[in-house]
Amino acid sequence: AEVRVVLQLSDQARESVVLDVANNLIKNYGGPDAIDIEIVTFGQGVRLLFAGSQHETRIASLVDNGIRFYVCENTLDTMERNYGSRPKLSEHAIPVRAGVARIIEKVGEGYILVRP
């Protein structure tokens, strides 16, 4: 892919916006051969990737278009401590130890960071 983008989602209120941006980028560039997109969630943004999310159909469609969804295990650990159980995740969620560290790594590899 000639364009590589990492979308940050740390605010649950921005879920739809992040999904819209990802979808618009795929349309604009003509598909996953032209653009590589990762969505990295941490903080309240991880709720996007909970099992049964209202956005599950959209997430599955974006995955079919090559988009990868990462979830921060540090955030999930905190939720488990605070609420007594670990949230069940979407089958499309790819766990990473630290969401912010993932973003830093991708930016270091030349990805463009977008925070919708």
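In this predicted model, V71 sits across from P95, a residue of strand β4. That pair belongs to a longer stretch of contact: β3 and β4 run parallel and are joined by four bridges. Another of the residue pairings here puts F69 together with A93, its bridge partner in β4. To get from β3 to β4, the chain passes through helix α3 (residues 73-83), and this β-α-β crossover is right-handed.

V71 also has something to face on the β2 side, where T41 stands opposite it. Strands β2 and β3 pair in the parallel sense, again over four bridges. Helix α2 (residues 56-64) links up with these two strands to make a right-handed β-α-β unit. As for how covered β3 is, four of its five residues are buried, which leaves the strand mostly covered.

Moving along the sheet, β1 and β2 run parallel too, with seven bridges joining them. Within this pairing, V6 is found opposite E38 of β2. The two strands make a right-handed β-α-β unit with helix α1 (residues 15-29). On its other side, β1 (residues 3-9) pairs with β5 in the parallel sense over three bridges, and here L7 stands opposite V114 of β5.

Put the pairings together and the whole sheet appears: five strands in the order β4-β3-β2-β1-β5, paired in parallel and forming an open sheet. Why do β4 (93-96) and β5 (112-114) each have one side without a neighbour in the sheet? Both stand at the edges and have a single partner strand each, so there is nothing in the sheet to pair with on the remaining side. From one strand to the next, the twist averages 30°. What holds such neighbours together is a general matter: strands of a sheet pair through backbone hydrogen bonds, and they can do so in a parallel or an antiparallel way.

A helix packs on this sheet as well. Helix α4 (residues 99-108) touches β1, β2 (35-41), β3 (68-72), β4 and β5, and its direction makes about 155° with that of β2. One side-chain arrangement worth a look involves R102, which lies over the face of Y70, 4.1 Å from the ring centre. Aromatic pairs are another story: the count comes to zero.

Back in β1, how much of the strand is tucked away, and what does that say about its surroundings? Six of its seven residues are buried, so the rest of the structure largely encloses it. L7, which lies in this strand, makes a neat example. Its relative accessible area is 0%, and since buried means under 20%, L7 counts as buried. Which residues does L7 touch, leaving aside those up to four places away in sequence? The list is V18, V21, A22, I37, E38, I39, V40, V114 and P116. V114 has come up before, as the residue opposite L7 in β5, while E38 is the one that stands opposite V6. A60, on the other hand, is 53 residues from L7 in sequence, and the two C-alpha atoms are 17 Å apart in space.

Notes: Residues numbered from 1 in each chain as written. Predicted model: local features only at pLDDT ≥ 70, side-chain atom pairs only at ≥ 80, totals over all residues. Heavy atoms only, no water. Pairing = 2+ DSSP bridges. Axes fitted to C-alpha atoms, helices over the stretch in contact; angles between N-to-C directions. Contact = heavy atoms within 4.5 Å. Phe/Tyr/Trp six-rings, centres within 6.5 Å; stacked < 30°, edge-to-face > 60°. Lys NZ or Arg CZ within 6 Å of the ring centre and 35° of its normal. Buried < 20%, exposed > 50% of the residue type's maximum accessible area, 1.4 Å probe, protein only. Right-handed = clockwise from strand over helix to strand, strands pointing away.
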